[in-house]
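Student: Could we go through the nonpolar and aromatic parts of the structure together, one question at a time?

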Amino acid sequence: MTTMERGILRQMFIGIVCNLLIIDSGLNEGWSTPIIPKFEQDDPVKVSSDKVVWIVNLMYVGVGLGSIVPFLLMDRIGRKGTLLFATIPKIASWILIGLAATVPQLYFGRILAGIGCGITYAVMPMYLGEVSSKKTRGPLGTLMAVLLNTGMMLAYAIGLWVSRFTMSMISVSIPLIFLLTFVWLPESSVFLTKKNKLISAERTLKWALGKDDVMEELEEIKRIVATEDHSPDRTLGRSLQEMFTRRENRRAFRIAVIVMSALTLTGAAPLLAYQSFIFEEAGFEVATNISIVITGCAIVLAGSVCVLLVRMAGKRLLLLISTPICVVSLTMMGIFFGLLTSDHDVSKLRWIPSVFLVIYVLGYGLALNPIPLAYVGEIFHIDVKVPAAIFCSVYYAIATTTMVKFYQVLQESYGTYMPILVFAVITLLIWLLIYRYVPETEGKTLEEIQIELRRKY
């Protein structure tokens, strides 16, 4: 086995272990789809429809709260220590959700789950971006979203057939396995260099890259850390101010807003959440469970293709290919429901929502879903990485909650066609922004990305 192959295998092993937390986050995000109907059936806790909304959305409130934790911990106990800390609310949430006998207990359990997810979403891209080489950073970054969707699929596969308690007891094993394995993995070499632990940083690089001569990589990290402001009075407010005063930080922030908008504002969350109602309104007879599994399989399949293609095609090209697929799919579904609302005969077209929703999910899963997290993990200067990670997590939480509510309000006021057509327009605008402002970062070191952000785009 060559040195390069050994390094790639070790980095992939780190990625697999780290992404256990991402799988668990997918279980948290997908939990509501199979479990909420049980509150009206055989679950011992009975929940009214208005309280169901809070059970769903309080997890995203927790994501927002959890995204603040990294600012308090990440530069003190490290990326590794912060991720280990995330297992506390994750494990506690599954136990509380499984044993909950009242609605407030469910609320608290979902908030704890969101806090764990918020920490994970903020820190994991940064950790993987710092421990991986330029050859594996792209696949590892995109793998996060694939395994998040895999976690959602597991939630469907488990939750549709077992009780809330049983699902929780199965799910709690994921963060426990992560805790027992991740504790043995190294800290980020960037963090160790930042703390002037150069011997430990060199040892981490040697192990992660699978080679003995890592002076070139260590010198690059030193140069990155050397540009950091070490002032003792650095605060979150000052870091946020610096995000907008330095040219490369402004451009990185703009890129982050665009790719996070591609992740959240293109309609995936409400369309997947309300897919059974979409099928029912269209009159295309597919069982709810089957429709959930088909779309879940489609997004996992598309994300897996992304992991295979990202090194060869690059992140930017995949984004530019997948976005028009989503625009066309949304437009076709919007036209169908527009015709249905205006009482046109659509009896021979009832297959359109089912087929184009799957096509939409394939396009979304190819790039709009997996690639934004990869970008966020590599485009920010070390000075603003923590506030940037917090911003992205909060943006994700607020945007996702808003889009779900936005869909509900427009659908009830005007019909299903209206929010879907609005999503099509938003997605088209995002495609234009990607084409104009988002650079290619695949195959580049963190230092090369910063140099490129300073001089163009």
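Tutor: We can begin with a definition: rings of Phe, Tyr and Trp (its six-membered ring) pair if their centres lie within 6.5 Å, and planes under 30 degrees apart count as stacked, over 60 as edge-to-face and the rest as tilted. This is a predicted model, in which local features need pLDDT of at least 70, side-chain atom pairs count only at pLDDT 80 or more, and totals for chains, interfaces and linings use all residues. Residues are numbered from 1 along each chain as its sequence is written, and side-chain values use heavy atoms, with hydrogens and water left out.

Student: Which residues form one aromatic cluster with Y60?

Tutor: A search of the whole structure finds 13 aromatic pairs. The cluster that contains Y60 is made up of this residue together with Y121 and Y396.

Student: Is the aromatic pair of F178 and F182 stacked or tilted?

Tutor: Both residues belong to helix α8 (residues 173-182; helices, H or I, are DSSP runs of at least four residues, numbered from the N terminus). Because F178 and F182 are four residues apart there, about one helical turn separates them. Their rings lie 4.7 Å apart, centre to centre, with 15° between the planes, and the pair is therefore stacked.

Student: Is F406 buried, partly exposed or exposed?

Tutor: F406 forms a tilted pair with F423, at 6.1 Å centre to centre and 50° between the planes. F406 lies in helix α20 (residues 385-414) and F423 in helix α21 (residues 417-437), so the pair ties together parts that are 17 residues apart in sequence. Buried means under 20% relative accessible area, exposed over 50%, and partly exposed in between (1.4 Å probe, protein chains only). F423, at 0% relative accessibility, counts as buried, whereas F406, at 30%, counts as partly exposed.

Student: Which helix gives the most to the largest nonpolar core?

Tutor: A nonpolar core is a set of buried Ala, Val, Leu, Ile, Met, Phe, Trp, Tyr and Cys residues joined through side-chain atoms within 4.5 Å. The largest one has 127 residues, and Y127, F182 and Y360 have the most contacts inside it. With 15 residues, the helix that gives the most to this core is α5 (residues 103-131).

Student: Which residue lies over the face of Y375?

Tutor: A charge sits over a ring if NZ of Lys or CZ of Arg is within 6 Å of the ring centre and within 35 degrees of the ring normal. At 5.8 Å from the ring centre of Y375, the residue over its face is K315.

Terms used
Helix = DSSP H or I, 4+ residues; strand = E, 2+ residues; numbered from the N terminus.
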